[in-house]
Amino acid sequence: MRWLEVIELQSAGSDQEMLKSHLTALIDDVKKSTPKQAMRSYRHAVIDTDFVIQLCHDSLEAAHNASPLGLRLASALREFGMVKHSMWFELTGQVPCAHDDREVNDAEHRHSEREEQAERR
């Protein structure tokens with residue numbers, strides 16, 4: 001079953017660069033320690049001190065509790081503001097997002113092929 005763990009940070013701090021630097025370092029650390037963990041991070045479109053981290057899980061059984069990684073991230077972010085941590089189960093019959101990794105890789109491959117064909121002409 002696929003499920004999503006969402007960690008939202010609403011920062012009250014005004015030092016946005018320090019927050020972004022800390023968040024980037026934290027995400028890099030996660031990528032190094034758990035390279036197979038699917039993770040995405042986003043910044044709010046208008047409020048530049050609000051961030052979301054999504055951890056994508058695919059397991060035989062749905063988890064009703066947060067993952068150890070999710071708990072670690074949420075705990076590390078609490079020093080910067082209010083953190084909301086939640087789990088979401090995927091509904092069946094979904095159409096994948098356009099930014100799904102497989103679709104992105106396919107699109108990049110098609111784009112690369114078109115560029116090669118254009119160069120040959």
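**Exercise 1. Surroundings of Ser11**

In this predicted model, find which residues Ser11 is in contact with, leaving aside its neighbours within four places in sequence.

*Solution.*
Step 1. Leave out the residues within four places of Ser11; the contacts that remain are Leu19, Thr49, Asp50, Phe80 and Gly81.
Step 2. Place the residue: Ser11 belongs to strand β1.
Step 3. Classify its exposure. The relative accessibility of Ser11 is 12%, and buried means under 20%, so Ser11 counts as buried.
Step 4. Add a distance. Ser11 and Asp48 lie 37 residues apart along the chain, and their C-alpha atoms are separated by 9.1 Å.

**Exercise 2. The chain as a whole**

State how many helices and strands the protein chain has, and in what order the elements run from the N terminus.

*Solution.*
Step 1. Count the elements: there are three helices and four strands.
Step 2. Read them from the N terminus on: the order is β-α-β-β-α-β-α.
Step 3. Turn to burial: 24% of the 121 residues count as buried.
Step 4. Consider contacts between residues at least 6 apart in sequence; 72% of these join residues at least 24 apart.

**Exercise 3. The faces of α1**

Determine which residues of α1 are buried and how they are arranged around the helix axis.

*Solution.*
Step 1. Check the geometry. Helix α1 covers residues 16-33, which is 18 residues, and spans 26 Å from its first C-alpha to its last, close to the 26 Å expected at 1.5 Å a residue.
Step 2. List the buried residues of α1: Leu19, Leu23, Leu26, Ile27 and Val30.
Step 3. Look down the axis of α1. The buried residues fall within an arc of 95°, so they line one face of the helix.
Step 4. Recall the helix repeat: an α-helix has 3.6 residues a turn, so residues three or four places apart point the same way.
Step 5. Inspect the other side of α1, where Glu17 and Lys32 are exposed.
Step 6. Identify the cover. The buried residues of α1 are covered by elements including β1 (2-11), β2 (38-43), β3 (50-58) and α2 (68-77).

**Exercise 4. The faces of α2**

Repeat the analysis for α2: which residues are buried, and what covers them?

*Solution.*
Step 1. The buried residues of α2 are Leu69, Gly70, Leu73, Ala74 and Leu77.
Step 2. Around the axis they cover an arc of only 130°, which puts them on the same side of α2.
Step 3. Their cover includes β1, α1, β2, β3 and β4 (81-89).

**Exercise 5. Packing of α1 against α2**

Describe how the axes of α1 and α2 cross and which residues meet.

*Solution.*
Step 1. Take the axes: those of α1 and α2 come within 11 Å and cross at roughly 160°.
Step 2. Classify the angle. Angles over 145 degrees count as roughly antiparallel; α1 and α2 are therefore roughly antiparallel to each other.
Step 3. Assign the hand: α1 passes α2 in a right-handed crossing.
Step 4. List the residues. From α1, His22, Leu23, Leu26, Asp29, Val30 and Ser33 meet Leu69, Arg72, Leu73, Ala76 and Leu77 of α2.
Step 5. Compare with burial. Leu23, Leu26 and Val30 are among the buried residues of α1, and Leu69, Leu73 and Leu77 are among those of α2.

**Exercise 6. His22**

Is His22, a residue of helix α1, buried, partly exposed or exposed?

*Solution.*
Step 1. The relative accessible area of His22 is 29%, which makes this residue partly exposed.
Step 2. Not counting residues up to four places away in sequence, His22 touches Ala76, Glu79 and Phe80.
Step 3. His22 and Phe80 are 58 residues apart in sequence, with a C-alpha to C-alpha distance of 9.7 Å.

**Exercise 7. Two residues of β4**

Find what Met82 and Lys84 contact beyond four places in sequence.

*Solution.*
Step 1. Place both: Met82 is in strand β4, and so is Lys84.
Step 2. Beyond its sequence neighbours within four places, Met82 contacts Glu8, Leu9 and Gln10.
Step 3. With the same exclusion, Lys84 contacts Val6, Ile7 and Glu8.
Step 4. Locate these partners. Strand β1 spans 2-11, and Glu8 appears in the list for Met82 as well as in that for Lys84.
Step 5. Note the exposure of Met82: at 54% relative accessible area, this residue is exposed.
Step 6. Add distances. Met82 and Asp50, 32 residues apart in sequence, are 9.7 Å apart from C-alpha to C-alpha. For Lys84 and Ala74, 10 residues apart along the chain, the C-alpha separation is 7.9 Å.

Conventions
Residues numbered from 1 in each chain as written. Predicted model: local features only at pLDDT ≥ 70, side-chain atom pairs only at ≥ 80, totals over all residues. Heavy atoms only, no water. Helix = DSSP H or I, 4+ residues; strand = E, 2+ residues; numbered from the N terminus. Expected span 1.5 Å × (residues − 1). Buried < 20%, exposed > 50% of the residue type's maximum accessible area, 1.4 Å probe, protein only. Arc of directions from axis to C-beta. Contact = heavy atoms within 4.5 Å. Axes fitted to C-alpha atoms, helices over the stretch in contact; angles between N-to-C directions. Parallel < 35°, antiparallel > 145°, perpendicular 65-115°, else oblique. Left-handed = near helix turned anticlockwise from the far one by under 90°.
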